[in-house]
Amino acid sequence: MKYETQGIAYWYFVCAMALFVVQVLVGALAATVYAVPNFLAEILPFNILRMIHTNALIVWLLLGFFGSAYYLIPEEAERDIESPMLAYVQLAILMIGALGAVIGYTLGIHEGREFLEQPLWVKIGIVIAALIFLYNVSLTVLKGRKTAVANVLLLGLWGLALFFLFAFYNPSNLAVDKLYWWYVVHLWVEGVWELIMASVLAFLVIKLTGVDREVVEKWLYAIVGMALFSGLLGTGHHYYWIGAPGYWQWVGSIFSAMEVAPFFAMVVFAFTMAWKGRRDHPNTAAFLWTLGTPVMAFFGAGVWGFMHTFSFVNYYSHGTQVTAAHGHLAFFGAYVMLNLSIISYAMPHLRGYAPYNQVLNMWTFWIMTSAMAFMTFTLTFAGVVQIHLQRVMGLTYMEVQEQLALFYWMRLGSGIFVVISVLMFVYAMFGPVREQALGRTRPSVMPAE
């Protein structure tokens, strides 16, 4: 660890992993409801489980992004974070907001809009935390060395904060509401979050392969250009059936089909840099996660998204288990694995040890990715059956759900393996370390400013 304030990232990663465990545990409970419909019906209804599952996912991914920024920006800017104290205030606000939101959901207190159910006071807290973060990292970069990695990361993080402001706009007209709702949901995950993904991957590739920075930066700018070009107008594939003008069916189909390109480019980029570098980095597990991230993102966000992105296909597939298959693998490949990659790389430095628990971490990689792949195939087959029975043959929704029971049990089984692998990863990162120490101590609770 070159800079003392990189230790801030440790506590962001700790909180992120805690919420990751909550997310997959609640996800397993929600999957159980699909297999056993009356499970927990009187205690925690499915809609509450779904809220906690998706909101915990979003918050822990954001904590991972923030932690990644606090870890890599000091190295990129070649100076410490502007105000460590504010960084910990930001973390406290986010965790209090997350805890308050979960308690509120269990009591039925929420705004009802999918993914944006947070009560108003939580949304305000998120904005305050985002402003603190942007002040901290922007000043750090402005006063230090400017690199392509830091600049693209800042662009993505600023976009993340700005597009969240649309969460406060809740018009009474449902069609108008959905038009702006997707500004948050889509332009996050298929727009500015891709910039964050590309910049963090570029940082990891530089560190793990030793390839010249200029080569990596050229790839980075190309990928970012493709992501923005396709992602912004690709929002249109969500406008097909919400009352928007008909031209969105053409715009959405064409530009969202192009969204495969940046993910494929990331795969080529990662493996090309690994081949060029030919560097035997000691952190094999981090290298495995880093190479696996663009591959799984390409299949989840790229291939599975492309499968039902055209309007004439989406007419039959929207709102089915095909959508669930795409959503699960896309989030996992693009952003979950990204955070696990940077954590695998950074934690040995943050804890002051040589890369440790390599074998356990790599077993975690294979179990988790295999379980998510199995879950995706299961949901895809369930979706195809659902489309045929419900959208073609005209059976009612509940009649079709009975025919999908086997698929739901299979999905639950894969979810249990995901939970096990997540616990394995947490133990690998935060459990006992036998490997040689690097002469550093674990980061203090509050590094001095």
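**Exercise 1.** How many residue pairs are in polar contact between domain 1 and domain 2?

*Solution.* Start with the ground rules: this is a predicted model, where local features need pLDDT of at least 70, side-chain atom pairs count only at pLDDT 80 or more, and totals for chains, interfaces and linings use all residues. Residues are numbered from 1 along each chain as its sequence is written, and side-chain values use heavy atoms, with hydrogens and water left out.

Now count: there are 8 such pairs, both residues at pLDDT 80 or more. A polar contact is a pair of N or O atoms within 3.5 Å; within protein, one must be able to donate a hydrogen and the other to accept it, and residues adjacent in sequence count only if both atoms are side-chain atoms.

**Exercise 2.** Find which helix gives domain 1 the largest share of its side touching domain 2.

*Solution.* Helices H1 (8-35), H2 (46-77) and H4 (120-142) each give two or more residues to that side (helices are DSSP runs of H or I, at least four residues, numbered from the N terminus). H2 comes out on top, with 15 residues.

**Exercise 3.** Pick out the salt bridges between the two domains.

*Solution.* Look for a side-chain nitrogen of Lys or Arg within 4 Å of a carboxyl oxygen of Asp or Glu. The tally between domain 1 and domain 2 is 3. Then check Asp-177 and Arg-113: their side chains form a salt bridge, 2.5 Å from N to O.

**Exercise 4.** Work out the area buried between the domains.

*Solution.* Take the accessible area (1.4 Å probe) that the two parts lose on being put together, summed over both. You get about 4700 Å², with carbon and sulfur atoms giving 79%.
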